[in-house]
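Subject: Structure for you to look at

Dear colleague,

I am passing on the structure we spoke about, with the sequence alongside. Please open it before you read on, since my notes follow the elements one by one.

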Amino acid sequence: MPLAQLITPAALALRLEQDGPPLILDCRFALDDPSYGQRSYAAGHIPGAQFADLEQHLSGPVRQGVTGRHPLPDPKVLLERLRQWGLRQDSQVVLYDDGPGAFAARAWWLLAWLGKRDGVYLLDGGLKAWHKAGLGLSHEQPDPVRGDFSGEPDEGLLVSASRLQQRLGSSDLTLLDARALPRFRGEVEPLDPVAGHIPGAAARPSATTWTATATSSRPSSCASASPRSWERARPTDWWPTAAPVSPRATTCSPCAWPAIRWPRSMPAPGANGSPIPAAPWPAATEPRPAKHQAEYGQ
């Protein structure tokens, strides 16, 4: 699977002045404040951007005891939404959020899952970098021309909880948990009913996969961050908070945060009781509480 590419705020601003601007999706969200993204979008967004809500657009219905908080959306429903946003086969797409990019990365992974793997970009540094560059926001709601994108979900990118459970302990399985260390250790659990992690998982907090630069967040050194290792990886289905992995490769790439469902009906000593999240790309009009980094592992 190709990695998403980075685009700088200056380059995106230039593209917006040209004919055929890219499809831009604002993916801002807060796990402890579900309406945060919509409010932030209404308060101002990159010109031409449309709002992609994690729960309404990028997730399917939650079924108590069956799914986690944000199960994969029905591919047909997601395809229709993408067409409403104007996605075509040849569209250039730019995704952004508040950083470090977990929610924009989910959108990237969903696009890749449906076959849209070329021409997809993450805004380098997110909205904070856009602000820092002195670029303005818009309050206008775009009126896109319906797109014609068609695609099929790649089931090879998914692994079920039951299949993962069967492979636990295998020497050729690497399982990473990208949440903050306190959640991995089970010391705190602000979201899920059971604290801890899936047995055998190794901690790779998402914050450690990025190092701040003057204008952006860049991937830090990580064995799975190279294109070669990413091609070997087989991400699982997506959650925006921890990271699982697949046979003979990890999914902690800083360009995607796939995650696997671990339902409460499948207890395991020390397991998290619900999903695992993993890693991708990347800012904010509304201040974010510091606890997000420490507790939620965003």
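What follows is a description of the sheet, one helix, the aromatic pairs and the salt bridges.

Please keep in mind throughout that this is a predicted model, and that the values below were computed from it.

The central strands

I would begin with strand β4, which spans residues 93-96 and is covered on both of its faces. V93 and L95 are buried on one side of the strand, while V94 and Y96 are buried on the other. Strand β2 (residues 23-26) pairs with β4 in the parallel sense over 4 bridges, and within this pairing L25 has L95 as its bridge partner. Strand β5 (residues 120-123) also pairs with β4 in the parallel sense, here over 3 bridges, and L95 stands opposite L122 of β5. Between β4 and β5 the chain passes through α4, and this β-α-β crossover is right-handed.

Helix α4

The helix in that crossover deserves a careful look. With 12 residues, α4 reaches 16 Å from its first C-alpha to its last, which is close to the 16 Å expected at 1.5 Å a residue. Because 12 of its 12 residues are buried, α4 is largely enclosed by the rest of the structure; among them are F103, W108, L110 and L111. After the helix comes G115, whose phi is positive, near 105°.

You may want to centre the view on R106, a residue of helix α4. Is R106 buried or exposed? Its relative accessible area is 0%, and since the cut-off for buried is under 20%, R106 counts as buried. The side chain of R106 reaches the backbone oxygen of P71 at a distance of 3.3 Å.

Aromatic pairs

A pair of aromatic rings is described by the distance of the centres and the angle of the planes. The structure holds 3 aromatic pairs, and I describe two of them here. In the pair of Y41 and F51, the ring centres are 5.6 Å apart and the planes stand at 35°, so the pair is tilted. This pair links distant parts of the chain, given that Y41 lies in helix α2 (residues 36-43) and F51 in strand β3 (residues 49-51), 10 residues apart. Both Y41 and F51 are buried. The pair of W109 and W113, by contrast, is stacked, with 6.0 Å from centre to centre and 15° between the planes. W109 and W113 both belong to helix α4, where they are 4 residues apart, or about one turn of the helix, and both are buried.

Salt bridges

Side chains of opposite charge can pair when their charged atoms come close. How many salt bridges does a search of the whole structure find? The search finds 13, and I pick out three.

The salt bridge between R88 and D90 has its closest N and O atoms 3.1 Å apart. R88 counts as partly exposed, at 40% relative accessibility, whereas D90 is exposed, with a relative accessible area of 55%.

R179 forms a salt bridge with D177, in which the closest N and O atoms are 2.6 Å apart, and both of these residues are buried. A further salt bridge joins E189 to R183, with the closest N and O atoms 2.8 Å apart; R183 counts as buried, at 0% relative accessibility. These four residues belong to a network of salt bridges that links R69, D177, R179, R183, E189 and D192.

An exposed loop position

Finally, please look at D143, which sits in the loop between α5 (126-132) and α6 (161-167). D143 is exposed, with a relative accessible area of 74%. Although D143 and W85 are 58 residues apart in sequence, they are 8.5 Å apart in space, C-alpha to C-alpha.

If you have time for a single view, I would suggest starting from β4, with β2 and β5 as its parallel partners, and then following the chain through α4 to β5.

With best wishes

Note on methods. Residues are numbered from 1 along each chain as its sequence is written. This is a predicted model: local features need pLDDT of at least 70, side-chain atom pairs count only at pLDDT 80 or more; totals for chains, interfaces and linings use all residues. Side-chain values use heavy atoms; hydrogens and water are left out. Rings of Phe, Tyr and Trp (its six-membered ring) pair if their centres lie within 6.5 Å; planes under 30 degrees apart count as stacked, over 60 as edge-to-face and the rest as tilted. Helices (H or I, at least four residues) and strands (E, at least two) are DSSP runs, numbered from the N terminus. Buried means under 20% relative accessible area, exposed over 50%, partly exposed in between (1.4 Å probe, protein chains only). Two strands pair if DSSP finds at least two bridges between them. A crossover is right-handed if, with the strands pointing away from the viewer, the path from the first strand over the helix to the second runs clockwise. A polar contact is a pair of N or O atoms within 3.5 Å; within protein, one must be able to donate a hydrogen and the other to accept it, and residues adjacent in sequence count only if both atoms are side-chain atoms. A salt bridge is a side-chain nitrogen of Lys or Arg within 4 Å of a carboxyl oxygen of Asp or Glu. The expected span of a helix is 1.5 Å times one less than its number of residues.
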